Amino acid sequence: MKDSHRQQGKRQQLVKIVQEKGIEDQKVLKAIGSIPRHLFMDSSFEDHAYQDKAFPIAADQTISQPYTVAFQTELLQIKRGDTVLEIGTGSGYQTAVLCYLGAKVYTVERQRELFKKTERFLPKLGYRPKYATFGDGYLGLPDYAPFDKIIVTAGAPFIPKPLMQQLKVGGRLVIPVGDEVQIMTLLERKSQKEFKKTTFGEFRFVPLLEDKN
Ligand code: SAH
C-alpha cells in the first residue's frame, strides 16, 4: 500500500479545496491531509482520489465526498475520547477520520461484503474502531449506548428514534435527512426530552436502507 509524494501533494491540494469551501476546523483539515484516501478506493479510481468527489466502492455504494466528510465531522465537534456511533461504515474513510481525531468509534454497516472488507482493511492502516459490526443502523447499537456523538453517512428518510435515544444529554447527532436530496441536520440533546435541531443545506447521499443483506 503505497502513499507516494505525488499522492501526498495532491492530498494537500484537496485540503485547500475543502478549506476554500468553508471548513475551518484545523484538526479536521489535518485529518483530510493525512489519511491516504486513495487506499480506500478501488485501484481503478485511484487517480481520482484527491478530487473533491464521491466515488463508487463495492456493493453499489460510494465513498463520500471529502467536503461532506469534513462538514459532518466539523459539526460533530469531536474531542479525544468521545464515543462515536457511525452508521454506514462503507469504505471506512469517515471511520478513519474519526479514529484520527481520537474518537472511540462504533461503526455499523448493512452490506456484509463491505463490512468484511473494511473491518480487515482499517487496522492495516493503523485505524482501530472500538467495535465494527454488520447490522441495521436504524436500530443503532443499544448495547453500547449512550454515545457522545452519532453520525449517519447515508440519506435517511427520517431521524430514527433509537438513534435519538442512544445520544447522551449534551451529545450531537449529525444526519442527512430526505429522499432524493437530503438536508444536513444537527440534533443537540439538551435534556432527556429536549432536542435542538439546526439544518445546513442540501447534500446527496446513497439511501439508508432498511433490510440488510
Ligand atoms: N462513511 C462511508 C460512506 C458510505 S455510503 C464512507 O466514507 O465510505 C453509506 C453506507 O451506508 C453504505 O456503505 C451503505 O451500505 C450503508 N448503509 C445503508 N443503509 C444502512 C443501514 N440501515 N445500516 C447501516 N449501514 C447502512
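This passage walks through one helix, two residues, a bound ligand and a group of aromatic rings in a predicted model.

A good place to begin is helix H3, which runs over residues 66-76. Of the 11 residues in this helix, 10 are buried, so H3 is mostly covered. The buried residues are Pro66, Tyr67, Thr68, Val69, Ala70, Phe71, Gln72, Thr73, Leu75 and Leu76. As general background, an α-helix has 3.6 residues a turn, so residues three or four places apart point the same way. Directly after H3 comes glutamine 77, whose phi is positive, at about 50°.

On the other side of the helix in sequence lies serine 64, in the loop that joins strand E2 (62-63) to H3. According to the UniProt annotation, from an unreviewed entry, Ser64 is covered by the feature "active site". Is serine 64 buried or exposed? Its relative accessibility is 18%, and because the cut-off for buried is under 20%, serine 64 counts as buried. Leaving aside residues up to four places away in sequence, serine 64 touches Arg37, Lys53, Ala54, Val69 and Phe205. Val69 is itself one of the buried residues of H3. Phenylalanine 205 is a partner from farther along the chain: 141 residues separate it from serine 64 in sequence, yet the two C-alpha atoms are 7.7 Å apart in space.

Arginine 11 offers another buried position to explore. This residue belongs to helix H1, which spans residues 5-20. With a relative accessible area of 3%, arginine 11 falls under the 20% cut-off and is therefore buried. Which backbone atom lies 3.1 Å from a polar atom of the side chain of arginine 11? The partner is the backbone oxygen of glycine 33. Glycine 33 is also among the residues that arginine 11 touches, together with Asp3, Ile32, Ser34, Ile35, Pro36, His38 and Tyr50, again not counting residues up to four places away in sequence.

The ligand comes next. It is surrounded by 27 residues, and the closest are Thr62, Ser91, Glu109, Gly137 and Leu209. Leucine 209 contributes a polar backbone atom that is 2.6 Å from a nitrogen atom of the ligand. Side chains take part too: a polar side-chain atom of aspartate 136 lies 3.1 Å from a ligand nitrogen atom, and for threonine 153 a polar side-chain atom lies 3.2 Å from a ligand nitrogen atom. On its own the ligand has 580 Å² of accessible area, and the protein covers 99% of this.

The last feature brings the story back to H3. The structure holds 12 aromatic pairs. One of them is formed by phenylalanine 71 and phenylalanine 203, with ring centres 5.2 Å apart and planes at 40°, so this pair is tilted. Phenylalanine 71 sits in helix H3 and phenylalanine 203 in strand E9 (residues 195-203), and the pair thus links distant parts of the chain, 132 residues apart. Both phenylalanine 71 and phenylalanine 203 are buried. Which residues do ring pairs link into a cluster? The members are Tyr67, Phe71, Phe200 and Phe203. Of these, Tyr67 and Phe71 are buried residues of H3.

Technical notes: Residues are numbered from 1 along each chain as its sequence is written. This is a predicted model: local features need pLDDT of at least 70, side-chain atom pairs count only at pLDDT 80 or more; totals for chains, interfaces and linings use all residues. Side-chain values use heavy atoms; hydrogens and water are left out. Buried means under 20% relative accessible area, exposed over 50%, partly exposed in between (1.4 Å probe, protein chains only). Helices (H or I, at least four residues) and strands (E, at least two) are DSSP runs, numbered from the N terminus. UniProt positions are given in the numbering used here, feature names are shortened, and annotations may be inferred rather than shown by experiment. Contact means heavy atoms within 4.5 Å. A polar contact is a pair of N or O atoms within 3.5 Å; within protein, one must be able to donate a hydrogen and the other to accept it, and residues adjacent in sequence count only if both atoms are side-chain atoms. A residue is near a molecule or strand if one of its heavy atoms lies within 4 Å of it. Accessible areas come from the Shrake-Rupley method with a 1.4 Å probe; for residues, only the protein chains shown count as cover. Rings of Phe, Tyr and Trp (its six-membered ring) pair if their centres lie within 6.5 Å; planes under 30 degrees apart count as stacked, over 60 as edge-to-face and the rest as tilted.
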